[in-house]
Amino acid sequence: MNDVATDRSPFLLQSWQNLLFLHWKIEPGLIQEKLPEGLEVDTYQGNAYLGVVPFYMHALRPRFCPPFPGISYFPELNLRTYVRDRHGRRGVWFFSLDAHSWISVQIARSFFGLPYRYATMDYAVRADKTVRMHSQHGDEPEQRFIYKPAKPIGIAREGSLEDFLVERYRFFSASPKGQIYLGELTHEPYELLETELTEYSKELFQSNGFATPEAPPIHVVYSPGVEVRAFAIRKITL
């Protein structure tokens, strides 16, 4: 459920396109030990999750500016989990976010405290809607994702696992000194579809200090995308 107040002007406008959500169950304690003080791992029926999410960032720009070539359009790949703060606010915690835009990476790291990394990435969508993404950060192994939408699912039912995993309208970040920041955004609920998943990678687990899962993801879903209004982040006291 989106309980973010929308009676204010957004700071950024953007569109997230061709999202693939891959999720694995993870022991909650393994995630908790990597979170900053003041945040706790959020669970669904006692289970914590790590998600690998590739997608395409389209027309990212401040509310009062047009999109800019080289800054506003790029593929992105992140490893994320789900957390609560001491006020009960639920959000996303990112362990890493790889993006194929050096300038956008620097801006996001400087102004939002998010762990963005520049990566060499190739991204293409075929006429049959098959998405192909290749990504490589530094000397890490190349990551490959090939997927396409299949049977429609619809909007996530409130209280379902899909609702828990995809309908998140807050994120948290932290400064090097441990100050916690809260970011909020709003968009229409995701239209979800089943996915024909041809290839996927799990290298983000190891590069972020987690054991690489042996099993395939327990939850796989696709969304064509959403139009996003993001508000300025703010410091919070926990």
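Which elements each supply at least two residues of the lining of the second largest pocket? They are β5, α2 and β10, where helices (H or I, at least four residues) and strands (E, at least two) are DSSP runs numbered from the N terminus.

The model is a predicted one, in which local features need pLDDT of at least 70 and side-chain atom pairs pLDDT 80 or more, while totals for linings use all residues. Residues are numbered from 1 along each chain as its sequence is written, and side-chain values use heavy atoms, without hydrogens or water.

A pocket is an open set of points on a 1 Å grid, where a 1.4 Å probe fits, with protein on both sides within 12 Å along at least five of seven lines, and its lining residues have an atom within 4 Å of a point. A volume is the space filled by probe spheres set on the points.

| Pocket | Volume | Lining residues by type |
|---|---|---|
| Largest | about 770 Å³ | 31 nonpolar, four polar, five charged |
| Second largest | about 240 Å³ | 11 nonpolar, three polar, two charged |

In this count Ala, Val, Leu, Ile, Met, Phe, Trp, Tyr, Cys and Pro are nonpolar, Asp, Glu, Lys and Arg are charged, and the others, Gly among them, are polar.

The largest pocket has a volume of about 770 Å³, and of the 40 residues lining this pocket, Leu-12, Gln-14, Met-57, Leu-60 and Tyr-116 are the closest to its centre. For the second largest pocket, of about 240 Å³, the closest of 16 lining residues are Gly-113, Leu-114, Pro-115, Ser-173 and Ala-174.

Helix α2 also holds Phe-111, which counts as exposed (over 50% relative accessible area, 1.4 Å probe, protein chains only) because its relative accessibility is 61%.

How values were computed: Buried < 20%, exposed > 50% of the residue type's maximum accessible area, 1.4 Å probe, protein only.
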